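User: Hi! I would like to understand the terms used for this model, and what makes each one apply. Could you take me through them?

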Amino acid sequence: MKSLSVLSVTSELFPIIKTGGLADVAGTLPFALAREGVKVVSLLPGYPAVMRALKRIETIREYPDLFGGAARLVSATAHHVELFVLDAPHLYDRPGSPYLTPDGRDWPDNARRFAALGRIAADIGQGEVPGFIPDIVHAHDWQAGLAPAYLHYGDVPRPGTVMTIHNIAFQGVFPADLLYELGLPPGAFTMDGVEYYGQIGFLKAGLRLADRITTVSPTYAKEIQTPEGGMGLDGLLRSRSKDVFGILNGIDESVWDPSSDKALAATFTRDALGQRSVNKAALQTRLGLDEDPDTLLFGVVSRLSEQKGLDLVLAALPSLLGGRAQLALLGAGERMLEESFQAASIVYPGQVGCVLGYDEELAHLIQGGSDALLVPSRFEPCGLTQLCAMRYGSVPIVSRVGGLADTVIDANEMATASGVATGFQFSPVNLTGLLDAANRAKMLWSDREGWRQVQQNGMAAQVGWSGPARRYAKLYHSCLDET
Ligand code: ADP
C-alpha cells in the first residue's frame with residue numbers, strides 16, 4: 001500500500017497529558033500506524049504540561065490574533081514523538097485539567113479553546129505547513145470536531161477526514177451566537193452543518209462533515225445508532241451508517257508488560273504466574289488490606305462517574321465481601337462516590353482499601369496484584385482497563401456493553417469447556433447482574449486450576465495495537481480512494 005501521512009488532532013496524548021483512554025489511544029496508535037506505513041503527526045493544545053515536555057521547539061507559523069490573543073504553531077518533540085503544538089497562552093496557559101477549572105467547572109471559553117485547535121488543524125490540512133501535507137486529518141472527540149467543519153467550508157482542496165468518537169457523552173455544545181466569532185460561515189448553521197438542536201455542536205459537526213466516522217468498538221458502533229445509546233446523535237449516525245466503523249482500541253504492550261513492569265513488586269509471565277502472589281501481598285499492604293494469599297481480591301481502576309457503574313459495587317459490597325473477599329480501589333471523580341468508598345474502607349477494615357486520586361503506578365500494581373477486575377460500566381465505548389487486566393492475569397468481570405462485550409469471553413459452560421473463557425460478563429447492568437457474575441467468579445476461584453486457565457487465556461488474548469492499526473490504515477486508504 002502507498003504510504004500515507006495523517007494529522008491526528010487530539011486534546012490529550014499519553015504520556016504528556018492524560019485524563020482518560022483518549023490519551024492512551026492518541027499516544028500509542030501513531031507508533032502502530034508507523035508499522036503500517038502511515039506517518040502520523042499529532043496536533044495538541046499547548047497546556048502547561050505540554051509546553052514543559054517539549055524539546056527542539058521550532059516556530060512554524062504565528063497568529064497575531066487567534067480567538068482573542070497571539071498564538072503560534074510550533075513543531076517539537078516530546079518523549080521521542082514528533083508533534084505540532086498550538087502555543088496559545090490566552091487559551092491554554094492555566095491551571096486545572098485540560099477541560100475544567102481547578103474547582104471542577106468547564107472553562108467558560110472552551111468553545112474558543114477547542115475551535116482554535118480545529119482551526120489550526122484545518123490550516124495544516126490545507127497545506128499551510130511546508131513539508132507536511134497530510135492525506136488525512138483524523139479528529140478525536142468533540143474537542144477536535146470543528147476540524148472537519150473548517151476543512152469542509154474552506155475554499156481550497158482538502159484532505160480526507162475521519163472523526164472518531166471515544167465517548168459520545170461528551171459532545172461540545174455551545175451557544176449559536178458564537179458562529180461568527182468562531183469563523184464559521186452563516187451557511188454552516190444548518191442541520192447538514194454545525195447546528196445541533198439550535199446550538200453549535202462540535203462533535204455533531206465532525207460527525208456530519210467528516211468522510212468517515214469511527215468509534216472504538218463494534219458493539220459501541222451499533223449502540224450509538226440507537227436512541228438509548230446515541231445521546232441525541234443516533235439519528236445522524238443512522239443516516240450515515242455506511243460510513244460508521246467500530247475499531248477496537250488496543251493497549252501499549254510495552255507500557256503494559258507484566259514481564260518487565262517496574263511498577264510491580266515482582267514481574268511475571270503467563271507460564272510463571274506464581275510470582276503474582278508477591279504483587280498481591282504488596283497491594284494488600286499498600287491498601288491496608290489483610291495480607292492473605294487465599295482470599296479473592298477484587299480490583300477497580302476507574303474514573304468515579306455514573307458511567308462506570310461503581311455505585312453498583314458500593315451496593316454490592318455486603319455480598320461481594322462475603323467469604324472474606326477484598327476490594328482494592330483506585331479512582332477519582334464524583335465526590336459522592338469518593339466519599340462512599342472512603343467510608344466503606346472504614347466500615348470494612350482490612351477488606352476494603354481505596355486510594356482516591358490518579359496514580360499510574362498503583363494502577364499497574366492493582367492489575368498485577370488483584371485476582372479479578374470489576375468493570376460494571378453502564379456504557380463503555382471500548383474500555384482499556386479490562387484489556388490491561390487480561391494482560392496482567394486479573395480476571396475481568398464486566399458488564400455486557402460496548403467494548404466490554406467485544407473483548408471479554410464469558411466463562412459460561414461452553415467457553416469454559418472449550419478452554420477459551422477470559423472473564424465474566426453480566427447483563428443487565430444492575431446489582432443482581434453484578435452479584436451473579438461475582439458469585440460465578442467466586443465459584444471458579446475455588447477451583448484454582450480452572451481459575452488459572454481463565455487467567456492464562458486472558459494473558460494470551462490479542463490486546464495490542466497491530467490489528468486495530470491495520471484497520472485504521474485500511475480505512476484511511478478507503479477514504480482517499482473516494483476523495
Ligand atoms: P475512560 O477513558 O472512560 O476513563 P478507559 O478504560 O478507556 O476509561 O481508560 C482509562 C485509562 O485511565 C486506563 O489507562 C486506566 O488505567 C487509567 N485510569 C483510570 N483511572 C485511573 C486512576 N485513578 N489512576 C491511574 N490510572 C487511571
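**Salt bridges**

Analyst: Happily! D211 and R158 form a salt bridge, with their closest N and O atoms 2.8 Å apart. The two residues are 53 apart along the chain, D211 in the loop between helix 6 (202-209) and strand 11 (212-215) and R158 in the loop between helix 5 (146-153) and strand 7 (160-165). Helices (H or I, at least four residues) and strands (E, at least two) are DSSP runs numbered from the N terminus. This is a predicted model, in which local features need pLDDT of at least 70 and side-chain atom pairs count only at pLDDT 80 or more, while totals for chains, interfaces and linings use all residues. Residues are numbered from 1 along each chain as its sequence is written, and side-chain values use heavy atoms, with hydrogens and water left out.

User: Why is the pair D211 and R158 called a salt bridge?

Analyst: The term requires a side-chain nitrogen of Lys or Arg within 4 Å of a carboxyl oxygen of Asp or Glu. D211 and R158 have their closest N and O atoms 2.8 Å apart, so the pair meets the rule. A search of the whole structure finds 25 salt bridges.

**Two domains**

User: How do you know where domain 1 and domain 2 lie?

Analyst: The bounds come from an automatic or database domain assignment. Domain 1 covers 4-250 + 466-482, and domain 2 covers 273-460. Their centres, taken over C-alpha atoms, are 33 Å apart.

User: What makes residues of domain 1 and domain 2 count as being in contact?

Analyst: Contact means heavy atoms within 4.5 Å. By that rule, 19 residues of domain 1 are in contact with 16 residues of domain 2. The two domains bury about 1200 Å² between them, 62% of it on carbon and sulfur atoms; buried area is the accessible area (1.4 Å probe) that two parts lose on being put together, summed over both.

User: Which salt bridge is formed by K18, and why does the pair qualify?

Analyst: K18 pairs with E360, and their closest N and O atoms are 3.9 Å apart, so the pair falls within the limit for a salt bridge. Across the interface of domain 1 and domain 2, the rule finds 1 salt bridge.

User: Which helix gives the most to the side of domain 1 that touches domain 2?

Analyst: Helix 7 does, with 4 residues.

**Around the ligand**

User: What makes a residue count as being around the ligand?

Analyst: One of its heavy atoms must lie within 4 Å of the ligand. There are 17 such residues, and G21, R303, K308, G357 and L384 come nearest.

User: How do you know that D24 makes a polar contact with the ligand?

Analyst: A polar contact is a pair of N or O atoms within 3.5 Å; within protein, one must be able to donate a hydrogen and the other to accept it, and residues adjacent in sequence count only if both atoms are side-chain atoms. A polar side-chain atom of D24 lies 3.0 Å from an oxygen atom of the ligand, so the distance passes. K18 has a side-chain N or O atom 3.1 Å from a ligand oxygen atom. For G357, a backbone N or O atom lies 2.8 Å from a nitrogen atom of the ligand.
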